[in-house]
Amino acid sequence: MTDAKPPAHLRPASPEQVGGSSGTGRDTTGGSATGVGTGRARPRGAGAHGNPAAALGFSGDPGQHGDPDDTMLHAQRVWDGTLATNRMDDLGVNTERQRVETKDVTVSAGLLVDGRPGDVLECVQSVIEHTRARILALDLGNVDGAGDVLDELAERHPERIVVWHVAETSRAAGGTAGWGEGRTKLLRLDESEVHVLMETSLALTGDALTPLVAAIVEGAVAAGWQAAEAEEPGRVGALRCDLMAVRRSAALGAFPEGAERGEEADLEFSRALEGGLVVPEGPLPVHRLGSPHHHDQPLHS
């Protein structure tokens, strides 16, 4: 059991230290790069400019201020470099940096399955394809054969998927199994540092989990793909529970066990968590599968 000790790879949750903004993927430590781009290195002095500072738009003499044309040239180069960095981030450099920073953090995605086998198949396959997270699935009553689909997927990916079955169906399907109760069981069955609450009405089209985990590594207690109420990315008041990563140690005891799927459960759980809640800069690569649940409709574009 891991509940009695803090996670090994996560910093303490801090309301102030949260991952509300995206990084640049650049090394800002100030050290010099070694072993990079040396394949076409030339001997010292070969082809060197007499005034390398001037070549970059600076005045070559510390006692001079340079002319306005030099200043404008330098500003333009800085601007061009910033645009290039942003384009590199758009191409996935920032996500790759986050993968390195979060590689030692254990992550599991918890799925509560109560039917819609087609959605279940697409959802699970997307997590397998785009992330490294383990999948913990609790099947409620094998509605429409959704539990059978989980078993088939677990046979294909035994190292990634664990499935539990119960005979009760969900209250939404006329049974006795509650949504909050099922979610709480998944949290207790998990042993990962970060637990991802995910609804099977969503599928990933890319790695949407790493930015959430990275925000937690940076100090947030939880991070989600959307706020519970319309807010800009960054620090938010509450998160939606349909795709939300949370420190498992913080979620244990805080999740509203008697709640049913909906906005009230989102707000209640978010308010019970002690620490910062974050929506990373996006949009994250997440696709809705057209679930009939009213709550699964987007609050904002």
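Is Asp 104 buried, partly exposed or exposed, and what is its relative accessible area? In this predicted model, Asp 104 has a relative accessible area of 44% and is therefore partly exposed, since that class lies between the limits of 20% and 50%. Its salt-bridge partner is Lys 103, with the closest N and O atoms 3.5 Å apart. Lys 103 is exposed, because its relative accessible area is 51%.

Side chains of opposite charge can pair when their charged atoms come close. A search of the whole structure identified 13 salt bridges, including the pair just described. A further salt bridge joins the side chains of Arg 116 and Asp 119, at an N to O distance of 3.8 Å. Both Arg 116 and Asp 119 are buried.

Arg 261 and Glu 199 form another salt bridge, in which the closest N and O atoms are 2.9 Å apart. Arg 261 is located in the loop between α8 (248-251) and α9, whereas Glu 199 is located in the loop between β4 (194-198) and β5 (202-204), so the pair ties together parts that are 62 residues apart in sequence. Arg 261 and Glu 199 are both buried. In addition, a network of salt bridges links Glu 96, Arg 99 and Asp 207.

Charged residues also form a surface patch. This patch is negative and consists of Glu 229, Glu 231, Glu 263, Glu 264 and Glu 268. One of these residues, Glu 263, belongs to helix α9, which spans residues 263-272. Glu 263 is classed as partly exposed because its relative accessibility is 42%.

Methods
Residues are numbered from 1 along each chain as its sequence is written. This is a predicted model: local features need pLDDT of at least 70, side-chain atom pairs count only at pLDDT 80 or more; totals for chains, interfaces and linings use all residues. Side-chain values use heavy atoms; hydrogens and water are left out. Patches are made of residues with over 30% relative accessible area and no salt bridge: like charges are joined within 9 Å, nonpolar side chains (Val, Leu, Ile, Met, Phe, Trp, Tyr) within 5 Å. Accessible areas come from the Shrake-Rupley method with a 1.4 Å probe; for residues, only the protein chains shown count as cover. A salt bridge is a side-chain nitrogen of Lys or Arg within 4 Å of a carboxyl oxygen of Asp or Glu. Lys and Arg count as positive and Asp and Glu as negative; His and the chain ends are not counted. The place of a charge is taken as NZ of Lys, CZ of Arg, CG of Asp or CD of Glu. Helices (H or I, at least four residues) and strands (E, at least two) are DSSP runs, numbered from the N terminus. Buried means under 20% relative accessible area, exposed over 50%, partly exposed in between (1.4 Å probe, protein chains only).
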